[in-house]
Amino acid sequence: MNPIEKLCRDEAGNSAVLQGNIAFAVGCVRAGIHAADGYPGTPSSEVIDKGLSQVQDMITVGWSVSEAVAAGVGHGHSLAGRDCVVTMKIPGLYQAGDIFTSVATYTADRGGLIFYVAADYTPSSTQHVIDPRYLYKSCFVPVFEPRTHQELHESALVAVEIARRFNTPVVIQPSGVLCHSEGLVRMMPVTSREPAPVSPLRLQNSLPVFARANYDKVMAERMPGLLEMVEQSPLNVHIKGSGKRGVITHGINSMYMDEYRALFDNDIDILSLGFTNPLPMEKIRNFCESIEGEVFVIEDGYRFIQEACGAAGLKVTGKEEYSNVTEWTPASIAAFLGQQAAAAPRPQAAPVPRPPMICAGCPYRLFGEVVARMKRKGEIEAVFGDIGCNTLLYFLGALDTGLAMGASESKRTGYVLSKPESVSKCISLLGDGTECHSGMDATRNAVFRNVAGVKVVLDNEWTAMTGGQPGPTSPVNLAGDPTRFDLVASLKAQGAEVALIDAYDMKSVRKGLRAALKAAEDGTFTTLVIRGTCIRKVPAADYGQKLVVDTEKCVQCGACNICSGIQPDENGVPFWNNLCTGCVSKTPACLQMCPKGAIAVDTECSTGACAEKPVLPEAPEHIDVPVLTDAQRPARLSLGIRGVGGQGNLFFGKALAQMAFIAGYGEKNILKGETHGMAQMGGPVISTFACGDVHSTQFVPGTADALIVMEQSEVLRPGFLDMLRPEGTVLLAETVIVPQGFDPEKYPTRQAIDELLSGCNVVRIDVLKMALALGDERGRCANVVMLGALSRLSPFDAFPVEVWLQALKKVSPRPAVWTLNHAAFLQGRTLV
């Protein structure tokens with residue numbers, strides 16, 4: 001039985017620390033939801049990817065090629081009387097807009113249709129911050145915004161009961177912070193649900209006559225019923241204070257307000273809304289009338305609640321009309337409500353810019369280098385891009401515009417129709433996933449309209465940016481069955497000239513691109529499919545390839561320095577660091593870039609002949625974990641972690657959450673927050689952990705017990721040091737990662753960093769060196785070394801070493817990983 005199935009079958013009331021998306025996924029099964037469908041979109045992807053895909057014998061689940069298709073599949077499930085959840089992020093809602101808005105006013109009997117629309121108002125990994133609540137209101141669709149991990153776990157049950165009762169689609173819109181953070185969840189009771197009665201299918205139609213009748217019925221029956229429901233719902237909560245000041249809020253901001261209330265103002269009144277459409281305006285009016293002084297509105301997105309209050313004649317204080325605040329934090333709420341941060345002002349230094357980059361060894365790399373060179377030479381005028389991993393080619397100078405999924409070729413078409421002289425100097429670019437999502441429409445359009453030019457499909461066979469979910473071009477689908485879709489044949493069938501090119505063959509990429517641009521002059525539309533499997537989906541055995549440089553041939557020209565896995569030494573001679581994948585046993589990109597033939601594959605080391613790994617101590621099979629008393633446990637712990645995508649920052653939260661659970665904090669609270677999305681590709685990453693008397697995954701300044709910094713310049717990120725309480729400790733790794741293309745001379749000196757940290761309790765340790773010394777060639781256990789060091793520092797040293805080791809074993813139980821982590825943790829303890 002896998003962990004997700006165990007959670008789905010666990011006894012009601014048992015608790016676990018779960019990521020929000022996983023809590024929701026488990027809740028779907030326990031609520032008796034029959035089906036789930038969706039399209040991968042951070043921050044919603046894990047619901048299916050890491051959750052429901054693991055229990056396909058308990059729920060009908062699958063990935064569709066787009067959000068619009070998934071919405072149609074979901075509606076189809078409802079027409080069979082089954083309840084279905086459809087997952088997406090906010091831009092996906094608009095992609096599915098025709099289906100969503102059309103089905104919104106269907107009123108005939110059917111199964112429940114629930115849209116799980118994950119918000120990302122920062123944004124961390126999406127392309128806009130548009131507030132969809134105005135759309136929901138115009139569609140008369142009820143909206144539930146969970147406030148905690150527990151509510152997210154139970155939200156599918158809340159939604160499906162509303163959907164069936166009122167014959168309406170229901171939106172669950174969680175904050176991306178809630179989706180990707182982890183919190184303590186107690187398992188809800190298991191419910192089974194028979195299929196719903198379904199009205200005759202001939203009544204389930206969008207003909208104008210039905211649309212009019214449905215609209216009238218919504219106005220006459222659904223909306224009055226929903227209004228009565230939200231006014232009476234216990235999910236809209238007035239948290240009583242002294243009645244002097246009040247706050248109206250919703251979603252995860254309720255969690256932040258709990259933190260604010262505990263730290264600053266126990267007397268403040270809070271009206272915490274679970275439903276944001278329709279709004280319970282009578283409850284809001286009564287709340288405002290009960291407050292003597294000012295009433296504030298704290299909401300993510302634009303000013304939906306605030307404007308509704310104003311329209312009802314209620315005096316509230318919220319964001320300015322064109323405020324750039326789209327997502328609140330505990331710190332910004334405290335400042336808004338007049339509280340000064342406890343942290344002392346610190347000197348500021350500019351952080352190292354870290355745009356997200358494609359992974360070391362990515363099959364897109366050589367294409368990016370070829371296009372960037374052709375642009376510099378004037379052979380290419382413009383590159384019209386898309387959404388996905390190909391977006392990151394922007395940072396290589398190989399992409400110009402990016403708009404939306406599938407839009408790259410339509411942009412190119414419009415551009416060259418206006419500028420026909422540019423037809424042989426422009427290309428459109430997208431991934432295989434987005435070609436199948438909506439890009440193929442533009443392919444057909446270019447063929448249909450006889451618009452010459454070049455379209456490039458970078459085919460890495462998986463939906464890579466969102467975690468490697470299967471798509472039509474993958475070898476298998478979600479169920480593990482072989483995929484029969486043929487991308488090249490499909491493109492040819494539409495009338496395009498198609499060429500298939502090996503992504504790891506730079507000469508073929510350059511030759512194919514130039515030939516296609518030349519053919520465009522003669523009126524030909526060519527689609528180039530450049531194929532190379534995403535390195536995350538390549539077997540681990542293919543990572544063993546090592547490279548060597550002939551120093552006599554090397555002229556230190558830097559042409560090979562194109563990847564985060566390679567860097568020059570102090571003399572300009574390249575060496576390969578722990579990020580190098582060896583281009584997963586393909587012809588290495590750096591080797592092909594070298595004009596002098598100075599780089600070669602080290603055949604001896606690549607076969608393992610030169611590897612001498614240390615013998616690690618045997619890790620225990622069983623660990624005797626002492627039971628801790630309340631007196632032994634600190635009342636509250638909090639920790640902030642910064643690093644660079646690829647350093648394993650998310651592992652900290654997993655291990656710390658397990659440690660807290662084992663230590664007995666399951667009776668109080670355990671929370672962790674983390675950055676997902678494009679940051680995983682080399683951008684800055686922040687994670688947080690807290691347990692005990694805590695409420696929020698994000699911290700008010702001056703409250704963190706310790707800060708961990710996995711790459712030393714990351715300590716310079718604005719606001720990070722401000723999180724530390726005055727007597728807290730900074731654990732600073734001596735790891736230096738210079739971003740690709742960044743001048744090493746501009747990297748902050750050790751002296752500059754030490755000056756910034758003057759007055760702090762700082763512990764510097766070389767965790768990467770220790771990880772490499774343990775035989776971990778890619779340095780992935782450096783984070784475990786750091787955990788070992790943390791376990792020696794107050795207040796984290798309150799926990800016996802057995803508690804930490806048991807947590808590590810639970811997180812990574814595979815024998816080889818456990819042996820390495822055991823050794824790494826114990827070595828980390830020796831460094832402090």
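Analyst: Let's start with sulfur: a disulfide here is a pair of cysteine sulfur atoms within 2.5 Å. This is a predicted model, where local features need pLDDT of at least 70 and side-chain atom pairs pLDDT 80 or more, while totals for chains, interfaces and linings use all residues. Residues are numbered from 1 along each chain as its sequence is written, and side-chain values use heavy atoms, leaving out hydrogens and water.

User: OK, so how many disulfides does a search of the whole structure find?

Analyst: Zero, across the whole structure. Take Cys359: the closest cysteine sulfur, in Cys362, is 6.3 Å from its own, too far for a bond. For Cys580 the closest one sits in Cys590, at 6.5 Å, which is again too far for a bond.

User: And is Cys580 buried or exposed?

Analyst: Buried means under 20% relative accessible area, exposed over 50%, and partly exposed in between (1.4 Å probe, protein chains only). Cys580 counts as buried at 19%, whereas Cys359 is partly exposed at 24%.

User: Let's try a helix. How many residues does α15 have, and what does it reach from its first C-alpha to its last?

Analyst: Helices (H or I, at least four residues) and strands (E, at least two) are DSSP runs, numbered from the N terminus. The expected span of a helix is 1.5 Å times one less than its number of residues. Helix α15 (365-376) has twelve residues and reaches 17 Å, close to the expected 16 Å. Just past α15 comes Gly378, with a positive phi near 85°.

User: Why is α15 largely enclosed by the rest of the structure?

Analyst: Nine of its twelve residues are buried, so the rest of the structure largely encloses α15. Among them are Leu366, Phe367, Val370, Val371 and Met374. The buried residues of α15 pack (contact means heavy atoms within 4.5 Å) against strands β14, β15, β16 and β18, plus helices α19 and α20.

User: Those strands keep coming up. What order does the open sheet have?

Analyst: Two strands pair if DSSP finds at least two bridges between them. Here five strands line up as β14-β15-β16-β18-β17, with parallel pairing. At the edges, β14 and β17 each have a single partner strand, so one side of each lacks a neighbour in the sheet. From one strand to the next, the twist averages 25°. Zoom in on β15 and β16: they pair over five bridges in the parallel sense, and Leu429 has Val456 in β16 as its bridge partner.

User: Which strands does helix α16 lie across?

Analyst: Angles run from 0 to 180 degrees between N-to-C directions, with axes fitted to C-alpha atoms, for helices over the stretch in contact. Helix α16 (408-418) lies across β14, β15, β16 and β18, at about 170° to β15. Helix α19 packs on the sheet too, touching β15, β16, β17 and β18, and its direction makes about 170° with that of β18.

User: Last one: which residues touch the most other members of the largest nonpolar core?

Analyst: A nonpolar core is a set of buried Ala, Val, Leu, Ile, Met, Phe, Trp, Tyr and Cys residues joined through side-chain atoms within 4.5 Å. In the largest, with 65 residues, they are Phe24, Ile33, Leu52, Met257 and Leu337. Helix α8 (149-166) supplies the largest share, eight residues. There is also a second, separate core of 58 residues, including Leu429 and Val454.
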